[in-house]
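Trainee: I have a model open and want to read its helix and its empty spaces. Where do we start?

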Amino acid sequence: MSRPIRATIHLSALSHNLDVARHHATHARVLAVIKANGYGHGMLRVARALAAADGFAVLNVQEAVTLREAGFTQEILLLEGFFTADELPLLTQHRIATVVHAQWQIDALLRFSSAVNIPLWLKANSGMNRLGFQASEFPAALDALQHAGATPTLMTHFARADESEGIAGQLTCFNAISRHAELPRSMANSAALLSYPQTHADWVRPGIMLYGASPLPPQSAAELGLHPAMTLSSEVIALRNIKAGDEVGYGGTFQAPCDMRIGVVACGYADGYPRHAPTGTPLLVNGQRSRVIGRVSMDMLTVDLSNIPEANVGTPVTLWGEGMPVEDVAAAAGTISYELLCAVAQRVPMLEAA
Ligand SMILES: *Cc1c(COP(=O)(O)O)cnc(C)c1O
């Protein structure tokens with residue numbers, strides 16, 4: 001009928017993974033992070049599957065307005081705040097919450113008279129050195145907002161929550177500046193949510209775990225009770241027998257050590273599959289583990305069929321998802337699951353499954 005590649009989104013996996021997050025952080029509200037088009041799964045689709053979340057975090061005001069217009073009434077937070085002051089009327093109009101991480105944003109809010117209606121999340125830099133006020137600047141920033149009538153939520157973000165003992169310094173810093181403020185607080189991403197209960201506070205902010213990928217490799221998603229929300233699949237479209245010494249693909253980077261049977265799969269880097277995935281990157285052919293061989297091309301890649309004699313044109317291939325953890329593919333390709341999920345190309349048809 002058509003080119004066989006597709007991304008299937010498992011809606012019940014999304015809601016199951018939200019339950020896992022709630023099970024770990026029973027006393028916190030859950031702000032489901034659905035930036036980057038729901039980590040590549042489709043923002044509105046994900047929001048509908050996670051409608052039980054207490055709120056959503058997105059990147060920009062257009063995404064937030066799209067969610068409001070789709071009928072979502074819970075908290076919607078701009079994770080990097082507004083980018084220019086002229087976005088503020090939209091924020092009030094749609095009651096969109098914003099991170100405040102810089103003095104110019106406070107100045108803009110104080111100049112804008114209806115800003116008191118905007119829920120604010122004041123961000124501290126506790127050591128990642130990306131966004132947020134320094135510990136030394138934080139009290140004055142908080143003072144300015146409270147003086148203007150705001151009751152902000154206090155937040156910070158961890159740089160190393162996926163490493164053992166990765167949060168200690170940042171947690172100490174954030175506790176020191178926020179503990180006595182008697183305001184809601186938020187720290188935990190997926191890794192902290194699963195590893196460090198002392199970071200749960202009032203709001204947790206899981207992202208990657210909701211999509212069923214492990215935030216704590218080498219611990220697997222399955223071990224954490226998470227179900228993959230996306231399966232990227234395709235089919236074998238050609239087969240060939242090659243002789244020992246034959247080379248495969250651009251650059252001839254794979255040379256057959258013996259006579260072997262190989263297959264061509266309709267999936268390439270223009271579909272979002274990583275071009276830097278080397279020979280040996282795992283995938284499933286007819287449900288059995290095999291490997292990529294040679295370089296990934298724009299629209300195709302090549303697989304080893306030595307141990308899969310039944311493989312033929314039309315045999316199903318799972319690039320990642322059910323049975324093939326995306327973090328294993330990412331590890332082989334020298335990246336992280338986040339990047340692979342976000343990169344699935346527009347041209348890949350996306351289907352929904354219960
Ligand atoms: C993306 C993001 C998250 C979610 O992180 P995961 O590792 O995907 O759980 C949480 N908080 C902030 C500020 C983020 O930018």
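Mentor: With a term. A cavity is a set of grid points where a 1.4 Å probe fits but cannot get out. Keep in mind that this model is predicted.

Trainee: How much space lies in the largest cavity?

Mentor: The count comes to 1 cavity of 30 Å³ or more. Its lining includes K123, N125, R130, H157 and Q170. By class, the lining has 3 nonpolar, 6 polar and 2 charged residues. The space in the largest cavity is about 50 Å³.

Trainee: Which residues lie nearest the centre of the largest pocket?

Mentor: This pocket holds about 830 Å³ of space. Its lining divides into 21 nonpolar, 7 polar and 8 charged residues. Elements giving two or more residues to that lining are α2, α9, α10 and α11. Of the 36 lining residues, those nearest the centre are K35, Y39, H157, N189 and Y338.

Trainee: Now helix α1, residues 11-24. Why do its buried residues line one face?

Mentor: Buried means under 20% relative accessible area, and in α1 that fits A13, L14, N17, L18, V20 and A21. An α-helix has 3.6 residues a turn, so residues three or four places apart point the same way. Down the axis of α1, the buried residues fall within an arc of 155°, so they line one face of the helix.

Trainee: Which residues of α1 are exposed on the other side?

Mentor: First, the buried residues are covered by elements including β1, β2, α3 and α9. On the other side of α1, the exposed residues are D19 and H23.

Note on methods
Residues numbered from 1 in each chain as written. Predicted model: local features only at pLDDT ≥ 70, side-chain atom pairs only at ≥ 80, totals over all residues. Heavy atoms only, no water. Helix = DSSP H or I, 4+ residues; strand = E, 2+ residues; numbered from the N terminus. Expected span 1.5 Å × (residues − 1). Buried < 20%, exposed > 50% of the residue type's maximum accessible area, 1.4 Å probe, protein only. Arc of directions from axis to C-beta. Contact = heavy atoms within 4.5 Å. 1 Å grid on protein atoms, 1.4 Å probe; cavity = no way out; pocket = protein on both sides within 12 Å on 5 of 7 lines; lining within 4 Å. Points joined across faces, edges and corners; volume = space filled by probe spheres on them. Nonpolar A, V, L, I, M, F, W, Y, C, P; charged D, E, K, R; others polar.
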